[in-house]
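Subject: Handover of a structure, with findings

Dear colleague,

Please find below the structure that I am handing over to you. My findings follow directly after it, and I hope they will serve as an introduction.

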Amino acid sequence: MISGNRMHLDSILSYASAGCLLSLHHSEKPEHEEVCEFRPYTCPCPGASCKWQGSLEAVMPHLMHAHKSITTLQGEDIVFLATDINLPGAVDWVMMQSCFGHHFMLVLEKQEKYEGHQQFFAIVLLIGTRKQAENFAYRLELNGNRRRLTWEATPRSIHDGVAAAIMNSDCLVFDTSIAHLFADNGNLGINVTISMC
């Protein structure tokens, strides 16, 4: 009797209290819990050592309280200005864009891939679920002297995060020489357009 109850308890998922209604065999639990929409959201700020976790509804209040330096711009078309792109080492620039009743996190990350070779990764994340993200598209555009570099994609949910997008090359990727073609005095302006699908 006790062992039968234990097997039943094993099949209840960790995020049932948050709303997950699935009941799975204990061997299927870890795989599902890794992608479950009801698992707690972690702080989406890249590079920050913030260990915060909470519900989706608590993400924006957390960002506004704990990460006050993040600027939020309103509208479907904005310019994301990354200043001092020549700073040495790994650097993250983060900004929020608010439109269509949602918040989007814009991230430009600079990484040193190997000795002296740096790459930039630009991505848009929705402060929302993967299903909600599918309703939007974004366009990133660098404009310079008779040059244009454009990337269009579906935003990722903050559940997926920046690292997953970079690992899958699902973002705008360019190196330092490209960045300098579009930069103005070490500042890089990226036109960001969000649209509904």
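I begin with charged side chains: Arg-148 and Glu-141 meet in a salt bridge, with 3.7 Å from N to O. Please bear in mind throughout that this is a predicted model. Arg-148 is exposed, its relative accessible area being 61%. Glu-141, by contrast, counts as buried, at 14% relative accessibility. Glu-141 also forms a salt bridge with Arg-139, at 3.8 Å from N to O, and Arg-139 is partly exposed, with a relative accessible area of 31%. Through these shared partners, Arg-139, Glu-141 and Arg-148 are joined into one network. As a general matter, side chains of opposite charge can pair when their charged atoms come close.

The search of the whole structure gives 4 salt bridges. One of them lies between the side chains of Arg-130 and Asp-160, at 2.8 Å from N to O. This pair links distant parts of the chain, since its members are 30 residues apart: Arg-130 belongs to helix 4, while Asp-160 sits in the loop between strand 10 (156-157) and helix 5 (161-167). Both partners are partly exposed, Arg-130 with a relative accessible area of 22% and Asp-160 with one of 25%.

For the overall layout, the chain contains 6 helices and 12 strands. Of its 197 residues, 41% count as buried. Among contacts between residues at least 6 apart in sequence, 54% join residues at least 24 apart.

Turning to the interior, the largest nonpolar core has 49 residues. Leu-63, Leu-108, Ile-127, Leu-188, Ile-190 and Val-192 are the residues with the most contacts inside this core. Strand 7 (residues 117-126) provides the largest share of the core, namely 7 residues. In soluble globular proteins, nonpolar side chains tend to be buried together.

Which residues does Ile-190 touch, leaving aside those up to four places away in sequence? Its contacts are Ile-78, Val-79 and Phe-80, then Leu-108 and Ala-122, and finally Leu-140, Glu-141 and Leu-142. Glu-141, already described as a member of the salt-bridge network, is thus also a contact of Ile-190.

Ile-78, Val-79 and Phe-80 bring us to strand 4, which spans residues 77-82. Ile-78, Phe-80 and Ala-82 make up the covered face of this strand, whereas Asp-77, Val-79 and Leu-81 make up the uncovered one. Strand 4 runs antiparallel to strand 12 (residues 188-196), and 6 bridges join the two. Within this pairing, Ala-82 stands opposite Leu-188 of strand 12. Leu-188 has been named above among the core residues with the most contacts.

Another of those core residues, Leu-63, is found in helix 3 (residues 56-66), where Leu-56, Val-59, Met-60, His-62 and Leu-63 are buried. Seen down the helix axis, the buried residues of helix 3 fall within an arc of 160°, so they line one face of the helix. On the face turned away from this buried side are the exposed residues Glu-57, Met-64 and His-65. What do the buried residues of helix 3 pack against? Their partners are strand 1 (41-42), strand 2 (53-54), strand 5 (91-99), strand 6 (102-114) and helix 4 (130-133). Helix 4 is also the element that holds Arg-130 of the salt bridge with Asp-160.

How many disulfides are there? The count comes to 0. Cys-45 is in no disulfide: the nearest cysteine sulfur, that of Cys-43, is 4.1 Å away, and the cut-off for a disulfide is 2.5 Å. Is Cys-45 buried or exposed? Cys-45 counts as buried, at 10% relative accessibility. Cys-197, on the other hand, is exposed, with a relative accessible area of 69%.

A last item concerns Ser-177, which is placed in helix 6 (residues 176-182). Ser-177 is partly exposed, with a relative accessible area of 48%. The C-alpha atoms of Ser-177 and Gln-118 are separated by 9.4 Å, although these residues are 59 residues apart along the chain.

With kind regards

Notes:
Residues are numbered from 1 along each chain as its sequence is written. This is a predicted model: local features need pLDDT of at least 70, side-chain atom pairs count only at pLDDT 80 or more; totals for chains, interfaces and linings use all residues. Side-chain values use heavy atoms; hydrogens and water are left out. Buried means under 20% relative accessible area, exposed over 50%, partly exposed in between (1.4 Å probe, protein chains only). Helices (H or I, at least four residues) and strands (E, at least two) are DSSP runs, numbered from the N terminus. Two strands pair if DSSP finds at least two bridges between them. The arc is that of the directions from the helix axis to the C-beta atoms. Contact means heavy atoms within 4.5 Å. A nonpolar core is a set of buried Ala, Val, Leu, Ile, Met, Phe, Trp, Tyr and Cys residues joined through side-chain atoms within 4.5 Å.
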